[in-house]
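Ready for a little practice with salt bridges? Take a look at the predicted model below, then work through the exercises.

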Amino acid sequence: MDTQTKSVVIRNLVKRFGSFTAVDNISFEVDKGEIFGFLGANGAGKTTAIRILCGLSKPSSGEGTVAGFDINRQQESIKRHIGYMSQKFSLYSDLKVWENIELFGGIYGLNDKQIKEKTDKMLKALSMEEARNMFVRDMPLGWKQKLAFSIAMVHDPQIVFLDEPTGGVDPVTRRNFWEMIYEAASRGVTVFVTTHYMDEAADCDRVVVMDKGKVVLDNVPEKVFSQVETLKSIGLDVPQVTLLAHELKKKGYKIIYTPISSIIHLGGASMKTIDEEDETGEWSAPLQFSFPLKEGHYSPLVMTAANSAAAQTDKE
């Protein structure tokens with residue numbers, strides 16, 4: 001198996017519970033430094049697969065490596081070389097901020113000196129120096145998420161698993177959290193994220209979709225999103241706004257998300273808000289547009305479009 005360029009390599013993975021097959025002969029690979037999206041409806045087999053990848057469960061059959069370690073024989077080594085963050089549990093609410101960092105740093109094998117250095121560096125990077133002695137239960141949700149993600153990275157893992165980390169939070173908090181994901185990936189950390197938000201899946205480098213224990217789609221986001229009927233048949237839907245935003249990003253436009261749901265702004269000067277409906281009272285078809293963009297509405301949302309020259313200055 002290629003462990004030089006791959007963070008995860010899975011071949012013919014199966015997990016059975018009695019007569020029930022939760023993971024049914026799946027295979028995929030995750031490149032180092034990749035943001036990898038893992039999608040599927042409830043009961044698709046995602047959680048069972050992730051438990052195996054995190055060294056918490058052994059497969060019934062199949063082979064694979066995570067961070068270069070064998071999923072059948074080296075579970076403890078896997079645990080030491082990965083980070084993990086869950087929507088349901090990541091921090092102890094009845095411990096203070098510094099106590100959570102100390103606890104998890106110790107679990108991940110850091111010594112006292114390393115924990116102190118990491119704590120100071122982390123709190124400064126998060127602008128949370130004054131929150132050092134705050135109980136986690138008293139922190140705003142956005143702060144908790146940033147802290148949980150940073151703690152999952154405290155030991156500099158090769159790969160971090162994020163299990164629906166942004167469930168139940170507002171769009172701005174989600175977007176700020178994803179900025180941290182981009183930064184981690186830019187440093188070569190592999191990010192393996194499960195999500196049911198399609199706009200987050202659009203931000204991944206590659207997406208795998210599971211259904212009834214099987215991998216049904218494995219491709220870059222635009223290829224996966226083009227399989228509309230397949231996605232709908234397994235209970236997943238791609239909103240038109242997500243398709244539009246993804247297409248704009250491919251063209252090089254900077255997308256700025258706002259606190260208001262389903263609104264996109266295109267970066268640039270000389271902006272003009274376009275919020276009129278067409279003559280029929282319906283919004284225009286989402287992907288019927290050409291580049292450079294002209295002022296107008298292109299999807300069932302309120303959209304601000306910069307002229308071509310201004311938008312070019314904000315290209316990333």
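**Exercise 1: a pair between strands**

D218 and R206 form a salt bridge, with their closest N and O atoms 3.0 Å apart. Find where each partner sits in the chain, then work out whether each is buried, partly exposed or exposed.

*Solution.* Start with the elements: D218 belongs to strand β10 (residues 214-219) and R206 to strand β9 (residues 206-211). The two residues are 12 apart, and the pair links distant parts of the chain. Next, check accessibility. R206 comes out at 15%, and because buried means under 20%, R206 is buried. D218 has 33% relative accessibility, so D218 counts as partly exposed.

**Exercise 2: a pair within a helix**

K116 and D120 also meet in a salt bridge, 3.2 Å from N to O. What separates the two residues along helix α4?

*Solution.* Helix α4 covers residues 112-125, and K116 and D120 lie four residues apart in it. That spacing means about one helical turn separates them. Now for the surface: K116 reaches 56%, and since exposed means over 50%, K116 is exposed. D120, at 31%, is partly exposed.

**Exercise 3: from a pair to a network**

Which residue does R11 pair with, and which residues share its network?

*Solution.* First, the partner: R11 forms a salt bridge with E29, at 2.4 Å between the closest N and O atoms. R11 is in strand β1 (residues 6-17) and E29 in strand β2 (residues 20-31), 18 residues apart. Both count as partly exposed, R11 at 29% and E29 at 24%. Then widen the view: salt bridges with shared partners join K6, R11, E29 and D31 into one network. Overall, the structure holds 12 salt bridges.

How values were computed:
Residues are numbered from 1 along each chain as its sequence is written. This is a predicted model: local features need pLDDT of at least 70, side-chain atom pairs count only at pLDDT 80 or more; totals for chains, interfaces and linings use all residues. Side-chain values use heavy atoms; hydrogens and water are left out. A salt bridge is a side-chain nitrogen of Lys or Arg within 4 Å of a carboxyl oxygen of Asp or Glu. Buried means under 20% relative accessible area, exposed over 50%, partly exposed in between (1.4 Å probe, protein chains only).
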